[in-house]
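Subject: Structure handover

Hello,

Here is the structure for your pocket work. Please open it first, then read the notes below.

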Amino acid sequence: MNTQTTTTTSLTAPPETLRAILAALDTYTTDDKHRAALTLARLTPVIVERTDANKPRPTALLFEATNSTELLAITAELPHTLTEPALIDPAAILAAMPKRTETKHCGDSVLTLSPEAWQLTTGQHTTTGRHPNDMTWPNTLTLWQDQHPELAPHLIGAPMLARLTKLAKQLGTDHVEATSMAHTDGKPDPRRPLVYTLTTDELTARVLIMPRRRH
């Protein structure tokens with residue numbers, strides 16, 4: 001999927017919420033510079049369903065990062081003006097975040113994306129950086145289909161579980177639920193991914209993990 005920012009857009013979030021999201025995304029990007037697109041994260045505007053028609057529909061963003069064997073997706077209800085997917089460098093923006101001691105009383109952070117650059121403003125702190133070049137990011141939508149509540153035995157690498165533990169700490173939650181991906185007969189298939197869902201009061205994160213092969 002070709003993803004390039006064509007207009008100037010922005011998102012607004014409490015500094016610690018944005019910091020947690022960026023840190024989580026950075027955990028699930030790849031260090032392989034030969035796969036440059038996977039060193040980045042994708043932002044996609046999504047629709048949030050509400051049963052109360054009297055309340056305005058909130059805006060939300062889907063944040064995704066992948067290292068090719070694991071896929072992280074975080075949905076957060078945040079004010080934004082994005083109308084199409086965009087790529088960001090979570091490590092670079094995370095490095096631009098002011099220290100926690102400087103963000104306690106400075107209001108929300110605003111991340112602005114333009115075709116050429118990004119700009120992060122938190123209180124009196126403003127940092128800019130180069131926007132990622134046009135790259136092809138994988139189409140991940142179909143990977144989330146056919147989840148099944150019944151679990152099948154899976155072989156998962158210890159580093160993957162370590163990243164999952166780190167993610168829970170970054171998001172400040174111990175609420176983790178696992179589901180298997182169903183096979184064609186509706187039964188869980190140990191050869192297909194396992195999905196972990198982590199929830200907080202502010203957001204929902206899902207991690208799709210590819211099982212290891214048994215030798």
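**Helix α1**

This is a predicted model. The 13 residues of α1 should span 18 Å at 1.5 Å a residue, and its end C-alpha atoms are 18 Å apart, so expectation and model agree.

The helix is mostly covered, with 11 of its 13 residues buried. Those buried residues are Pro15, Thr17, Leu18, Arg19, Ala20, Ile21, Leu22, Ala23, Ala24, Leu25 and Thr27.

**The whole chain**

The secondary structure comes to three helices and 14 strands. The chain has 215 residues, and 45% of them are buried. About 11800 Å² is exposed. Carbon and sulfur atoms supply 51% of that area.

Contacts reach well along the sequence. Take those with a separation of 6 or more: residues 24 or more positions apart account for 66% of them.

**Pockets**

The largest pocket holds about 300 Å³ of space. Its lining counts 18 residues. Nearest its centre lie Thr29, Thr30, Lys33, Thr39 and Asp89. By class, the lining has five nonpolar, seven polar and six charged residues.

The second largest pocket has a volume of about 250 Å³. Its lining counts 13 residues. Glu16, Arg19, Ala20, Arg100 and Gln170 lie nearest the centre. Here the classes divide into six nonpolar, three polar and four charged.

Which elements supply at least two residues each to the lining of the second largest pocket? They are α1 (15-27) and α3 (158-171). Of the contributors, α1 gives the most, with five residues. Two of the residues nearest the centre of this pocket, Arg19 and Ala20, are also on the list of buried residues in α1.

**Three single sites**

*Thr122.* This residue sits in strand β8, residues 117-122. Is Thr122 buried or exposed? Its relative accessible area is 0%, under the 20% cut-off, so Thr122 is buried. Beyond residues up to four places away in sequence, Thr122 touches Pro15, Pro98, Thr103, Cys106, Asp108 and Ser109. One of these, Pro15, is a buried residue of α1, which links the strand residue to the helix by contact.

*Thr197.* This one belongs to strand β13, residues 194-199. Its relative accessible area is 19%. Buried means under 20%, so Thr197 still counts as buried. Leaving aside neighbours within four places in sequence, Thr197 is in contact with His175, Val176, Glu177, Thr204, Ala205 and Arg206.

*Pro79.* Where is Pro79 placed? It lies in the loop between β5 (70-76) and β6 (86-88). Its relative accessibility is 48%, which falls between the 20% and 50% cut-offs, so Pro79 counts as partly exposed. Outside its neighbours within four places in sequence, Pro79 is in contact with Ser10, Leu11, Thr12 and Thr59. Leu61 is 18 residues from Pro79 along the chain, and their C-alpha atoms are separated by 8.6 Å.

**Recap**

For pocket work, there are two places to open. The largest pocket has Lys33 and Asp89 among the residues nearest its centre. The second largest pocket takes five lining residues from α1. For the single sites, Thr122 and Thr197 are buried, whereas Pro79 is partly exposed.

Best wishes

Methods:
Residues numbered from 1 in each chain as written. Predicted model: local features only at pLDDT ≥ 70, side-chain atom pairs only at ≥ 80, totals over all residues. Heavy atoms only, no water. Helix = DSSP H or I, 4+ residues; strand = E, 2+ residues; numbered from the N terminus. Buried < 20%, exposed > 50% of the residue type's maximum accessible area, 1.4 Å probe, protein only. Contact = heavy atoms within 4.5 Å. 1 Å grid on protein atoms, 1.4 Å probe; cavity = no way out; pocket = protein on both sides within 12 Å on 5 of 7 lines; lining within 4 Å. Points joined across faces, edges and corners; volume = space filled by probe spheres on them. Nonpolar A, V, L, I, M, F, W, Y, C, P; charged D, E, K, R; others polar. Areas by Shrake-Rupley, 256 points an atom, 1.4 Å probe, with all protein chains shown as cover. Expected span 1.5 Å × (residues − 1).
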